[in-house]
Amino acid sequence: MERELPVSRLSGGDRLSAASAQSRTEWKVLMVTTQYEIGVIGAGNAAEGIVHGILRNTLLFADRLIASDPSAKRRDVFQNRFKIDVTADNRELVANSYIILLAVKPQQYVDVCRRIADLIGEQHLVVSIMA
């Protein structure tokens, strides 16, 4: 499902030169709606700090976040502490999220990416906090 945002015109007011008037651009932005704004792959300490900051500062509400982790214990921490959705399935997370936050250890990166690569598209923003 797509929603179209208003088209904005760039202009410099009444003082436009003929050249700049010809180069005015119209921008059309299409946004794909997803169930979640941010999907966090890896529910470790670094991800916990980021999610805590997002929610504490009300950048997003909990219903717009999801976290995945193979550890049921870590999923429980995120679900109970932050009241966000959790999953063990990274593919489900990617399919339903706009921003993908990779919070995995370097030795897990290649395996995680191989499993989700075919789902990543132009509509995604992928951010890594791997250190």
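Glu48 is buried in this predicted model, its relative accessible area being 13%, which places the residue under the 20% limit used for burial. Its salt-bridge partner is Arg74, with 2.8 Å between the closest N and O atoms. Glu48 belongs to helix α2 (residues 45–56) and Arg74 to helix α3 (residues 72–82), so the contact ties together parts that lie 26 residues apart in sequence. Arg74 has a relative accessibility of 21% and therefore counts as partly exposed, the limit for burial being under 20%. The pair thus joins a buried acidic residue to a partly exposed arginine.

The total for the model is five salt bridges. Another of these is formed by the side chains of Asp118 and Arg91, again with an N to O distance of 2.8 Å. Asp118 is located in the loop between α5 (106–116) and β9 (125–128), and Arg91 in helix α4 (residues 90–95), so this bridge ties together parts that are 27 residues apart in sequence. Asp118 is exposed, at 57% relative accessibility, whereas Arg91 is partly exposed, at 34%.

A further salt bridge lies within a helix. Arg115 and Asp111 are paired in this way, their closest N and O atoms being 3.1 Å apart. Both residues belong to helix α5, where a spacing of four residues corresponds to about one turn of the helix. The relative accessible area of Arg115 is 54%, which classes the residue as exposed; Asp111, with 39%, is partly exposed. Salt bridges with shared partners also join Glu48, Arg74 and Arg81 into one network.

Helix α5 also holds Val110, one of the residues of a nonpolar surface patch. This patch consists of Tyr109, Val110 and Met130, which together have about 230 Å² of accessible area. Val110 is partly exposed, with a relative accessible area of 42%; this value meets the requirement of over 30% for membership of a patch.

The largest pocket contains about 520 Å³ of space. Its lining comprises 24 residues, of which Gly42, Asp69, Ala103, Val104 and Gln108 are the closest to its centre. At least two residues of the lining come from each of α2 and α5. The greatest contribution is that of α5, which supplies five residues. By residue class, the lining of the largest pocket is made up of 13 nonpolar, six polar and five charged residues. Helix α5 therefore recurs in the description: it holds both Arg115 and Asp111, carries Val110, and gives the most to the lining of the largest pocket. Helix α2, in turn, contains Glu48 and supplies at least two of the lining residues.

These features are set in a protein chain with five helices and nine strands. In sequence order, the elements follow the pattern β-β-α-β-β-β-α-β-α-β-α-β-α-β. The chain has 131 residues, of which 28% count as buried. Glu48 falls in the buried class, while Asp118 and Arg115 are exposed.

Note on methods: Residues numbered from 1 in each chain as written. Predicted model: local features only at pLDDT ≥ 70, side-chain atom pairs only at ≥ 80, totals over all residues. Heavy atoms only, no water. Salt bridge = Lys/Arg side-chain N within 4 Å of Asp/Glu carboxyl O. Buried < 20%, exposed > 50% of the residue type's maximum accessible area, 1.4 Å probe, protein only. Patch = residues over 30% accessible without salt bridge, like charges linked within 9 Å, V, L, I, M, F, W, Y side chains within 5 Å. Areas by Shrake-Rupley, 256 points an atom, 1.4 Å probe, with all protein chains shown as cover. 1 Å grid on protein atoms, 1.4 Å probe; cavity = no way out; pocket = protein on both sides within 12 Å on 5 of 7 lines; lining within 4 Å. Points joined across faces, edges and corners; volume = space filled by probe spheres on them. Nonpolar A, V, L, I, M, F, W, Y, C, P; charged D, E, K, R; others polar.
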